[in-house]
Amino acid sequence: MYMKKSLLIVAVLLTGMLFSGCGYNKMVSMDESVASAWAQVENVYQRRADLIPNLVETVKGYATHEQETFTKVIEARSKATSMTIDPKNLTPEAIQQFQEAQQGLSSALSRLMVVVEQYPDLKANQNFLDLQAQLEGTENRITVERMKFNETTQAYNAFIRRFPELITAKIFGFDKKAYFEAQAGAEKAPEVKF
């Protein structure tokens, strides 16, 4: 009886030492960091989506006959906000779909800004200027959070591919996560006019 208890205690201690030395706990922490960084990316994209209805309403007050443009912006917003990704499924395909939905919204916003050009009174409206500044700040936040996500993901991916951690990663299903990548043509800066 004493021998069985001793063997059990030794087995528990060895198992604890094995798992603490193989990086399992660190993998769990790093996986959670990737999920947290992803949540922050979604958070800033949601902030952008939340600003859009107010922007559209402000522009509508001046450009009532631009209904098609307004409809496209609202549809693109709806598509972008309905696209969510489970942090456990950060595959290149899933991130690509997310990016495409967000790019559709960016394109619709660009068309809305072209409409704004035709209305000098709108460009002088304080509410519009405030919304425009908030949207610009949000776009900057999106860039920062995407960069943080990629850095966190890179650290996680590198860790699970190192030896001996790669063995633990394979056993427990810690898979490589995808990154945000630049859109085709992103090397050329867009021309934005307000």
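Is Lys 148 buried, partly exposed or exposed, and what is its relative accessible area? In this predicted model, Lys 148 is partly exposed, with 40% relative accessible area. Its salt-bridge partner is Glu 145, and the closest N and O atoms of the two lie 3.8 Å apart. Both residues sit in helix 6 (residues 126–161), and because they are 3 residues apart there, about one helical turn separates them. Glu 145, at 13% relative accessibility, counts as buried, because that value is under 20%.

A pairing within one helix also appears in helix 3, where Lys 72 forms a salt bridge with Glu 68. Here the closest N and O atoms are 3.2 Å apart. With their positions 4 residues apart in helix 3, Lys 72 and Glu 68 are likewise separated by about one helical turn. Lys 72 is partly exposed at 37% relative accessibility, whereas Glu 68, at 57%, counts as exposed.

The salt bridge between Asp 50 and Arg 77, with closest N and O atoms 3.8 Å apart, links distant parts of the chain. Asp 50 belongs to helix 2 (residues 24–60) and Arg 77 to helix 3 (residues 67–82), and the two positions lie 27 residues apart in numbering. The relative accessibility of Asp 50 is 44%, so this residue counts as partly exposed.

Taken over the model, the count of salt bridges comes to 6. The pairs described here are among them: Asp 50 with Arg 77, Lys 72 with Glu 68, and Glu 145 with Lys 148.

Definitions and conventions. Residues are numbered from 1 along each chain as its sequence is written. This is a predicted model: local features need pLDDT of at least 70, side-chain atom pairs count only at pLDDT 80 or more; totals for chains, interfaces and linings use all residues. Side-chain values use heavy atoms; hydrogens and water are left out. A salt bridge is a side-chain nitrogen of Lys or Arg within 4 Å of a carboxyl oxygen of Asp or Glu. Buried means under 20% relative accessible area, exposed over 50%, partly exposed in between (1.4 Å probe, protein chains only).
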